[in-house]
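Here are some notes to read alongside the structure, written as numbered points. Please keep the view open and find each residue as it comes up.

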Amino acid sequence: MRMPPASLPRRLTAEFTGTAALVAVIVGSGIRADSLSQDIGVRLLANALASALGLGLLIALLGPLSGAHFNPVVTLSEWWSRRHDGGHGGAEALGYIGAQLTGAVAGALLAEAMFGRAPGTLATEPRAEPHLLLGEAVATAGLVLVVQGLRRIGRPSLAPVAVAGYIGAAIWFTSSGSFANPAATLGRAFSDSLTGIAPGSVPAFAAAQLLGMLLGMGLAAVLYGTAREARTGAAGEPNAVPARRNR
């Protein structure tokens, strides 16, 4: 049975909760992996696996409520591409982003507290080198392409598997480790651990992520046509399907 549309307060709560849980999984699994092994490959594998599984479960659980964005670039790209067809309004998108940012910080502080560390200790790992920013732009572009592509071909139900699978792979194939999320980037600045990022590197990472968002949206338009074409089935595909409300 299909759920009725959730109220805005419930959707914002879902975005806060989902983002907090996602960052807690990312940071917490990094802390755990760091305490169990000195092999960087083992630590990265453990963190990637936990992050992908956690993300997939959260999308499946909270997607019917809020769309399970947990990420400002997803919210912004969805708002822009659906601004003419009854999607999220600008004020609602800002509410989503506020919930994501506060949820990310809360999740990082929670993870630190769970492992007996002092919550609020800022990260010291700088990540502003050009090659890392390039990797982050690529990671974010791929994420946006996956989200936009699934919606435009009418298969948003695949998001829990597809998005989680992409992030798990991108943690390995990108030089940045695929943060691909300005909210999670901010949250990870509050954890001086394997997954942390120095506060001074956050603006550059966020800029790379926004650039990646634009690249992903552009590539989605090239591959699938514009959002308007996808809605009308005019993107040149004989089996084009109108976009659905939830990804």
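1. A good place to start is R127, which, once its neighbours within four places in sequence are left aside, is in contact with L132, L133, S176, F179, L194, T195, G196, I197, S201 and F205. Please bear in mind, here and below, that this is a predicted model.

2. As for where R127 sits along the chain, the residue lies in the loop between α4, which covers 90-114, and α5. R127 has a relative accessible area of 15%, and since buried means under 20%, R127 is counted as buried.

3. Two of the contacts of R127 deserve a careful look at the level of atoms. The side chain of R127 reaches the backbone oxygen of G196 at 2.7 Å, while the backbone oxygen of L194 lies 3.2 Å from a polar atom of that same R127 side chain.

4. It also helps to set sequence beside space: R127 and P199 are 72 residues apart in sequence, yet their C-alpha atoms are 9.5 Å apart. For the chain as a whole, among contacts with a separation of 6 or more, 79% are between residues 24 or more positions apart.

5. A second loop residue to examine is S178, found in the loop between α6 (159-173) and α7 (182-188). S178 is buried, with a relative accessible area of 4%, and, not counting residues up to four places away in sequence, S178 touches E136, A139, I167, A170 and I171.

6. Turning from loops to helices, how do α3 and α5 pack, and at what angle? Helix α3, residues 72-81, and helix α5, residues 130-152, have axes that lie 10 Å apart and meet at an angle of about 45°. That angle makes α3 oblique to α5, and the crossing of the two helices is right-handed.

7. The residues that form this packing can be picked out by name: on the α3 side they are V73, V74, S77, E78 and S81, and on the α5 side they are T140, L143, V144, V147, Q148, R151 and R152. Sorted by class, the contact of α3 with α5 has five nonpolar, four polar and three charged residues.

8. Finally, stepping back to the whole chain, there are nine helices and zero strands, so that, read from the N terminus on, the elements run α-α-α-α-α-α-α-α-α. Of the 247 residues in the chain, 50% are buried, and both R127 and S178 belong to that buried group.

Note on methods. Residues are numbered from 1 along each chain as its sequence is written. This is a predicted model: local features need pLDDT of at least 70, side-chain atom pairs count only at pLDDT 80 or more; totals for chains, interfaces and linings use all residues. Side-chain values use heavy atoms; hydrogens and water are left out. Axes are lines fitted to C-alpha atoms, for helices over the stretch in contact, and angles run from 0 to 180 degrees between N-to-C directions. Helices (H or I, at least four residues) and strands (E, at least two) are DSSP runs, numbered from the N terminus. Angles under 35 degrees count as roughly parallel, over 145 as roughly antiparallel, 65 to 115 as roughly perpendicular and the rest as oblique. A crossing is left-handed if the near helix is turned anticlockwise from the far one by less than a right angle, and right-handed if clockwise. Contact means heavy atoms within 4.5 Å. Ala, Val, Leu, Ile, Met, Phe, Trp, Tyr, Cys and Pro count as nonpolar, Asp, Glu, Lys and Arg as charged, and the others, Gly among them, as polar. Buried means under 20% relative accessible area, exposed over 50%, partly exposed in between (1.4 Å probe, protein chains only). A polar contact is a pair of N or O atoms within 3.5 Å; within protein, one must be able to donate a hydrogen and the other to accept it, and residues adjacent in sequence count only if both atoms are side-chain atoms.
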